[in-house]
Amino acid sequence: MTRFILASLMAGALALPALAADYTILAPAAPGGGWDQTARTMQEVLRSEGISDSVQVQNVPGAGGTVGLAQFVASAAGDPSQLIVGGYVMVGAILTNGSPVGLDDVTPVARLTGEYEAIVVPASSPVQTVGELVDQLKADPGAVSWAGGSAGGTDHIAVGLLAKAAGVDPTKINYIAFSGGGEALAAILGSQVTAGVSGLSEFLPQVEAGTMRLLAVTAPERLEGVDAPTLAEAGYDVVLQNWRMVAAAPGISDEQKAAILADIEKMNASEGWQKALASKGWANTWLAGDAFAEQLAKDREATEGILREIGLVK
């Protein structure tokens, strides 16, 4: 009888659906920026789509994400519930900060989104066009201050490439790095800097509210619904797209990695995620597994070349 009861209980347990995985997502930046937005959008969609019962977001800002990355590598090893978001910015920050920890030390899962950079000024600025801004840059590079994300990140690279395209020494630019999008927004809105550069979605609410003026974007052609020229259209040969990714902890098993990837694939295919992409203006640049790991290695090599070219890495 005892054996029969135990067998019945085991059969009943096996018939129940597997419990959804719990996750903690580390956003290696202060609240308000692109990584924070990505982590919190993942949190919302993973929950609302029933993919995970519990998703927490933790912010660890500093040094272009390398502080959070180092903490993640040290504390999350072997834990399949731990995830970290990152992206192109982190690739550059690892190089410019000489970080002892790199993306080779985590388990890449998937590239999620892509977004073009935007150049803005406060609405009160006398600068009306990107051409006028570049004229000021040519006249005195140090007098034009730029607010953006971490040193060596996509924002910094965009300014460096624009300076180079305009015939200005990129090592002379006055770039002010902020650890979070909220701090950069405050500096731009407070006219503490000449201009700001970041992902388009981070500026759109202020542009639509009339508190910022959008001068240009780094897309190859005009973006639908965005009333601004591309840098190429304005005469500057600069095209740049930031991308964001999710990675898992080092030291997890192949089975654990596959389970995480399956959850992220479900998220990417969900209606909730597609709606979030549309509302935020993020492109779906999905690339997963070994293909993403291979592309990541190529991006690291290309980024190092760009950073050397504009004087950010010796």
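# A guided tour of the predicted model

Of the 314 residues of the protein chain, 51% count as buried. The model is a predicted one, and this tour moves from the whole chain to selected places within it.

## The whole chain

Begin with the entire chain in a cartoon view. Eleven helices and ten strands make up the protein chain. Its radius of gyration is 22 Å, close to the 20 Å that the globule rule gives for 314 residues, so the chain is as compact as a globular protein of that length. Along its principal axes, the C-alpha trace spans about 90 × 40 × 30 Å.

Switch next to a surface view. The protein chain exposes about 13,700 Å², and carbon and sulfur atoms supply 53% of that area. As for contacts in the protein chain with a separation of 6 or more, 78% of them are accounted for by residues 24 or more positions apart.

## First stop: D22 and the β1–β2 pair

Select D22, which lies in the loop between α1 (2–15) and β1 (23–27). Is this residue buried, partly exposed or exposed? The relative accessibility of D22 is 43%, so D22 counts as partly exposed. Display its surroundings as well: leaving aside residues up to four places away in sequence, D22 touches S52, D53, S54 and S81. For a sense of distance, add T96 to the selection. D22 and T96 are 74 residues apart in sequence, and their C-alpha atoms are 34 Å apart in space.

Proceed from D22 to strand β1 and select strand β2 (residues 55–59) with it. These two strands pair in the parallel sense over five bridges. One place to look is Y23, whose bridge partner in β2 is V55. To follow the connection, trace the chain from β1 through helix α2 (residues 34–48) to β2; this β-α-β crossover is right-handed.

## Second stop: strand β4 and its partners

Select strand β4 (residues 107–122). Of its 16 residues, 15 are buried, so β4 is largely enclosed by the rest of the structure. Which strands pair with β4? The following selections show four of them.

- Select β9: β4 and β9 pair in the antiparallel sense over eight bridges. Within this pairing, G114 stands opposite W243 in β9.
- Select strand β10 (residues 283–288): its pairing with β4 is antiparallel and has four bridges. Here R111 stands opposite L287 in β10.
- Select β7: four bridges join β4 to β7, and the two run antiparallel. V120 has G196 as its bridge partner in β7.
- Select strand β8 (residues 212–217): five bridges join β4 to β8, again in an antiparallel arrangement. A118 stands opposite V217 in β8.

While the strands are displayed with side chains, one general point is useful: in a regular strand the side chains alternate between the two faces of the sheet.

## Third stop: T194

Select T194, found in the loop between α7 (181–189) and β7 (195–199). With 17% relative accessibility, T194 counts as buried, since the cut-off for buried is under 20%. What does T194 touch, not counting residues up to four places away in sequence? The residues to display are V121, P122, L133, Q136, A143, V144 and S145. Two of these, V121 and P122, fall within β4 (residues 107–122).

## Last stop: the aromatic cluster

Return to W243, the residue that G114 stands opposite, and show the aromatic rings. A search of the whole structure finds two aromatic pairs. The rings of Y88 and W243 have their centres 6.3 Å apart and their planes at 5°, so this pair is stacked. The pair links distant parts of the chain, with Y88 in helix α4 (residues 88–96) and W243 in strand β9 (residues 241–248), 155 residues apart.

Now add F292. The ring centres of W243 and F292 are 6.2 Å apart and their planes are at 90°, so this pair is edge-to-face. W243 lies in strand β9 and F292 in helix α11 (residues 289–309), so the pair ties together parts that are 49 residues apart in sequence.

Select the three residues together: Y88, W243 and F292 form one aromatic cluster. How buried is each member? Y88 is buried, with a relative accessible area of 8%. W243 is buried at 7%, and F292 is buried at 1%.

Note on methods:
Residues numbered from 1 in each chain as written. Predicted model: local features only at pLDDT ≥ 70, side-chain atom pairs only at ≥ 80, totals over all residues. Heavy atoms only, no water. Buried < 20%, exposed > 50% of the residue type's maximum accessible area, 1.4 Å probe, protein only. Contact = heavy atoms within 4.5 Å. Pairing = 2+ DSSP bridges. Right-handed = clockwise from strand over helix to strand, strands pointing away. Rg over C-alpha atoms; globule rule 2.2 N^0.38 Å. Areas by Shrake-Rupley, 256 points an atom, 1.4 Å probe, with all protein chains shown as cover. Phe/Tyr/Trp six-rings, centres within 6.5 Å; stacked < 30°, edge-to-face > 60°.
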